[in-house]
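Grab a pencil and work through a few short exercises with the structure open beside you. Each one sets a task and then walks through a solution.

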Amino acid sequence: MRQLDRGVELNDLSFLWLEITGKCQLQCSHCYAESGPTGTHGEMGSVDWERVIDQAAGLGVEMVQFIGGEPTLHRSLPDFVGRALGRGLQVEVFSNLVHVPERLWEVFTQPGVQLATSYYSDSATEHEAITKGRGSYKRTKANIAEAGRRSIPLRVGLIDVADEQRVEQAREELTALGVTGEVRVDHLRQVGRGVRTVEPDVSQLCGHCGKGKVAVAPDGSVWPCVFSRWMPVGNVRQDSLAEILSGPALAEAIAQLEQQFAATPHSGKPCDPQCGPNCGPACTPQCWPTGSGPCGPKGGCQPNYD
């Protein structure tokens with residue numbers, strides 16, 4: 001634990017999800033954020049996000065991940081990325097890669113920036129039945145190839161949400177496209193539009209919520225993770241990150257989750273594999289304890305491979 005100047009113990013934050021918008025071109029059938037074309041950027045203005053980025057850097061955060069909705073639809077994304085890089089943070093942008101204008105490719109090719117996306121099938125029909133976006137398969141596939149051509153680090157989550165979905169064939173297609181970054185499979189999380197048989201609860205979580213990472217929503221709410229949206233622990237429009245991290249609400253939320261996990265069956269898959277607007281949970285620098293897990297002695301996933 002680090003100490004604040006006033007002597008309050010501070011949650012050891014190293015990773016931050018920044019959900020900068022609820023707007024998206026797609027309406028994925030399983031989207032935990034329930035984002036879509038009618039979504040908005042919420043109450044957080046550019047100045048608010050820049051303040052959060054500055055506070056995160058001051059607290060020792062190592063990486064911020066810009067998510068949504070679709071983060072590329074926020075016109076200030078280049079400024080946010082530049083702000084984070086300027087403060088020494090690593091940056092990941094989780095995009096559906098449906099549309100990437102040239103000005104954003106220039107942003108993504110900067111040192112310290114990486115991309116992540118979700119993929120569903122090698123069949124356009126199946127892929128678009130999930131994303132609800134006509135032409136999304138062809139566009140995402142083309143931009144995955146373009147990211148490789150530009151040597152931009154890219155992680156891909158294969159999200160298995162339907163019976164007999166062509167997930168393995170999609171993995172083979174990604175290999176053929178030249179994807180060399182992490183490609184892992186995740187399954188439906190019953191949060192947001194992903195709800196099928198149960199209401200969102202601890203069974204949909206990995207068990208590491210709020211430990212070294214939190215998420216900030218478009219309205220400024222702070223959650224222990226992007227999936228625990230029903231349990232806000234503060235709001236950055238009212239309090240600083242440091243105050244929220246050292247406050248009783250987060251401590252109580254973590255204790256509540258630990259208690260529920262001890263008594264409730266859950267996935268048992270620590271952050272497997274990625275998190276972003278297209279609904280896969282995150283493999284972040286804090287998902288695996290140091291020295292264990294699949295990602296080497298540094299712990300976490302890209303870019304923390306040894």
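**Exercise 1. Decide whether Leu97 is buried or exposed, then look at its backbone.**

Step 1: Leu97 has a relative accessible area of 0%, so it is buried. The cut-offs are under 20% relative accessible area for buried, over 50% for exposed and partly exposed in between, with a 1.4 Å probe and protein chains only.

Step 2: Place it. Leu97 sits in the loop between strand E5 (90-94) and helix H3 (102-108). Helices (H or I, at least four residues) and strands (E, at least two) are DSSP runs, numbered from the N terminus.

Step 3: Check phi. Leu97 is not a glycine, yet its phi is positive, about 55°. Most residues other than glycine have a negative phi, and most peptide bonds are trans.

Before you go on, two housekeeping notes. This is a predicted model, where local features need pLDDT of at least 70 and side-chain atom pairs count only at pLDDT 80 or more, while totals for chains, interfaces and linings use all residues. Residues are numbered from 1 along each chain as its sequence is written, and side-chain values use heavy atoms, with hydrogens and water left out.

**Exercise 2. Find where Ser151 and Gly69 lie, and say what is unusual in the backbone there.**

Step 1: Ser151 is in the loop between H5 and strand E7 (154-160). Its phi is positive too, about 60°, although Ser151 is not a glycine.

Step 2: Ser151 has a relative accessible area of 63%, so it counts as exposed.

Step 3: Gly69 belongs to the loop between strand E4 (63-67) and H2. The bond joining Gly68 and Gly69 is a cis peptide bond, with omega about 25°.

**Exercise 3. Sketch the chain as a whole: how many helices and strands does it have, and what share of it is buried?**

Step 1: Count the elements. You should get 8 helices and 11 strands.

Step 2: Of the 306 residues in the chain, 55% are buried.

Step 3: Look at contacts (heavy atoms within 4.5 Å). Taking those with a separation of 6 or more, 67% are between residues 24 or more positions apart.

**Exercise 4. Which residues touch the most other members of the largest nonpolar core?**

Step 1: Get the term straight. A nonpolar core is a set of buried Ala, Val, Leu, Ile, Met, Phe, Trp, Tyr and Cys residues joined through side-chain atoms within 4.5 Å.

Step 2: The largest one has 81 residues, and those touching the most other members are Leu16, Leu18, Val64, Phe66, Phe108, Leu115 and Val216. Helix H1 (residues 46-58) supplies the largest share of this core, 5 residues.

Step 3: Zoom in on Val216, in strand E9 (residues 213-216). With 0% relative accessibility, Val216 counts as buried. Its C-alpha is 5.1 Å from that of Leu18, although the two are 198 residues apart along the chain. Beyond four places in sequence, the contacts of Val216 include Leu16, Leu18, Trp49 and Val236.

Step 4: Now try Phe66. Leaving aside neighbours within four places in sequence, its contacts include Leu18, Ile20, Ile53 and Phe80.

Step 5: Follow that to Ile20, in the loop between strand E3 (15-19) and H1. Ile20 is buried, at 0% relative accessible area. Among its contacts, not counting residues up to four places away, are His41, Trp49, Phe66 and Pro218.

**Exercise 5. Work out how H1 and helix H2 (residues 77-86) are arranged.**

Step 1: Their axes come within 9 Å and cross at roughly 20°. Axes are lines fitted to C-alpha atoms, for helices over the stretch in contact, and angles run from 0 to 180 degrees between N-to-C directions.

Step 2: H1 and H2 are therefore roughly parallel to each other. Angles under 35 degrees count as roughly parallel, over 145 as roughly antiparallel, 65 to 115 as roughly perpendicular and the rest as oblique.

Step 3: Name the contact residues. H1 brings Ser46, Trp49, Glu50, Ile53 and Asp54, and H2 brings Asp79, Phe80, Arg83 and Ala84.

**Exercise 6. Do the same for helix H4 (residues 124-131) and helix H5 (residues 136-149).**

Step 1: H4 and H5 pack at an angle of about 100°, with axes 8 Å apart.

Step 2: That makes H4 and H5 roughly perpendicular to each other.

Step 3: The contact uses Ala124, His127, Glu128 and Thr131 of H4, plus Ser136, Tyr137 and Lys138 of H5.

Step 4: Check His127. At 2% relative accessibility, His127 is buried.
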